[in-house]
Amino acid sequence: MLHSQQLLADPRIEQAKKLLQEALAEQSLKIESVRGPRPELMESYANQLARLAVARGGAPYFPYISSGIGNGPFVELGDGSVKLDFIVGIGVHGLGHSHPAMLRSTVDAGLEDTVMQGNLQHDAYSLEMCERLIRLATPSGAPLHHCLLSTSGAMANENSLKIAFHNRFPASRVICMDNCFAGRSIALAQLTDRPAYRTGLPKALDVDFIPMFHPADAAGTTRGAVDTLNKLLTRHPGEYACLWLELVAGEGGYYPGTHQYFESLCQICHDNNVLIIFDEVQTFSRLSQPFAFRHFGLDRFADIVTLGKVTQVCATLYGEKLKPKGPILSQTFTGATASIRAGLAVLDELESKGCFGENGWNIRRHQYFRSKLESLTEKYPGKICGPYGEGMMIAFTPGDGSAETAKTMLQRLYDLGLMGFLAGSNPNRIRFLPPPGITTEHHIDLACSIIEQAIAES
Ligand SMILES: Cc1ncc(COP(=O)(O)O)c(C=O)c1O
């Protein structure tokens, strides 16, 4: 037996994990619903927030510093308040807060020899994560054979662009969708359809945009996107390396496309030797399949796919034919040992809870949440529109959809105990990314009763 196997077989380890789990559960299970702050903690908490604003160079969007414990979608903050967290760090904590599987996996990681994994030194779980993601991506034949781990969605996307440019040199242009968001590097700021996010940054890439799908005019918007794409390909022959797509525009406002819309665009790109990149950093794990490209039946077009957030470590998947011929891909870190172990535990939970499938838990909860929000739109006409989104990505437009109305509504929800976030512009929406591994109908009921209270007061 290897020393590592002997260590793991030591009964003290299982006993220690059991004790930790019991201690955590004893406190965690006391956090059962939302509540306001404790008056005696408010001053020290305000002081901590003020120090955070100085230390990080600006106040965080929410006055949120976690106390370090929660229970499912409930999280306790340092002022003693408890929030119903339906945004989970913008889609990161797929099992919510203080989940026992997270404790177990990160304790296991703590027993490994190093805190970080890297391209020079991999552990067996890095291999397991790569193989697992490839397996989840390929049951219907997507041409994805390799997986490169990284520490952010932005880096996963940077790697995807490198692979695309490298394979289509000297093509140097990118096609994106209106309203999209790709990440915060200088190159990705060009892909992101938000001029404010490029303020003062040099232009790093040539990017052209095509119109998004809109359900109110499915045929018209599909035709418009196809016409624009054809025009661009004619205007810049041979200059496009890739089409980069979010299949549900996340930051852009929770606009999903359809199979037909995406297929039309992807087929044209495929025929013109333009590679297709699906950005699944926000969508991964939230629709009827772990990968949204499978939900939309686009397997054969998946040249390169990026993911992150819920998986705790990020990744770029790509096909054998696209394997770079030079050393263009590497970073010191692939991910934290704990991130990789925790990511595997998240995948286990999501699969064992039946999140996926045409009538899987993600779809059923979407329908439940949708029907409750629809009732609110009927009860409060003009005060709420929607809902929008797909699976465990759901949003509504408050009132007139102005930025001010959305920000006021978001703050009101926060004060009442529900955490969501903004999405889109014109209209501005409130979006929710409920943790897919643990959100129940009971949690959705509570969220909707808070939304109703906020709307009634608006
Ligand atoms: C669709 C999409 N792509 C990329 C990113 C960037 O990921 P990260 O913030 O981990 O760099 C995000 C983050 O919100 C995203 O939603």
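This short presentation covers the domains, the nonpolar cores, the ligand site and several individual residues of one protein. Please keep in mind throughout that the model is predicted.

I begin with the overall division. The domain assignment gives two parts: domain 1, made of residues 32–91 + 357–457, and domain 2, residues 110–352. Their centres, taken over C-alpha atoms, are separated by 27 Å. Where the domains meet, domain 1 contributes 26 residues to the contact and domain 2 contributes 21 residues.

Let me turn to the interior. In soluble globular proteins, nonpolar side chains tend to be buried together. Here the largest nonpolar core holds 107 residues, and the members that touch the most others are Phe-278, Phe-293, Leu-317, Leu-413 and Phe-432. Helix H15, residues 441–457, is the element that gives the most to this core, supplying eight residues. Both domains take part, since at least three residues of the core come from each of domain 1 and domain 2.

Which residues does Leu-317 touch, leaving aside those up to four places away in sequence? Among them are Leu-133, Ile-134 and Ala-137, then Leu-144, His-146 and Cys-147, and also Phe-291, Ile-304 and Val-305. A second core, separate from this one, has 24 residues, including Phe-165, Ala-182, Ala-187 and Leu-329.

Next, the ligand. The residues surrounding the ligand include Ser-152, Gly-153, Ala-154 and Asn-157, as well as Phe-181, Ala-182 and Gly-183. Glu-246, Asp-279, Val-281, Gln-282 and Lys-309 also belong to this shell. Helix H7, residues 153–168, gives the most to the shell, with three residues. Ala-182 thus appears both around the ligand and in the second core.

As for polar contacts, a backbone N or O atom of Gly-153 is 2.8 Å from a ligand oxygen. A polar backbone atom of Ala-154 also lies 2.8 Å from an oxygen atom of the ligand. From Lys-309, a polar side-chain atom is placed 2.9 Å from an oxygen atom of the ligand. On its own the ligand has 390 Å² of accessible area, and the protein covers 82% of that.

I now come to the backbone. A cis peptide bond, with omega about 5°, joins Phe-169 and Pro-170. Pro-170 lies in the loop between H7 and strand S6, H7 being the helix already mentioned for the ligand shell. Another cis peptide bond joins Asn-426 and Pro-427, again with omega about 5°. Pro-427 sits in the loop between strands S18 and S19.

Two residues other than glycine have positive phi values. Ile-90, in helix H4, has a phi of about 60°. Ile-90 counts as partly exposed because its relative accessibility is 27%. Tyr-254 has a phi near 65° and lies in the loop between strands S9 and S10. Is Tyr-254 buried or exposed? With 1% relative accessibility, Tyr-254 counts as buried.

Finally, two further positions. Pro-143 is found in the loop between helix H6 and strand S5, and its 30% relative accessibility makes it partly exposed. Beyond four places in sequence, Pro-143 touches Asp-299, Arg-300, Ala-302, Tyr-318 and Gly-319. Glu-349 belongs to helix H12, residues 337–352. Although charged residues may draw attention at a surface, here I simply report that Glu-349 is buried, at 18% relative accessible area, because the cut-off for buried is under 20%. Its contacts beyond four places in sequence are Leu-95, His-99 and Ala-101.

Notes. Residues numbered from 1 in each chain as written. Predicted model: local features only at pLDDT ≥ 70, side-chain atom pairs only at ≥ 80, totals over all residues. Heavy atoms only, no water. Core = buried A, V, L, I, M, F, W, Y, C linked by side-chain atoms within 4.5 Å. Buried < 20%, exposed > 50% of the residue type's maximum accessible area, 1.4 Å probe, protein only. Helix = DSSP H or I, 4+ residues; strand = E, 2+ residues; numbered from the N terminus. Domains from an automatic or database assignment. Contact = heavy atoms within 4.5 Å. Near = heavy atom within 4 Å. Polar contact = N/O pair within 3.5 Å; in protein donor to acceptor, adjacent residues only side chain to side chain. Areas by Shrake-Rupley, 256 points an atom, 1.4 Å probe, with all protein chains shown as cover.
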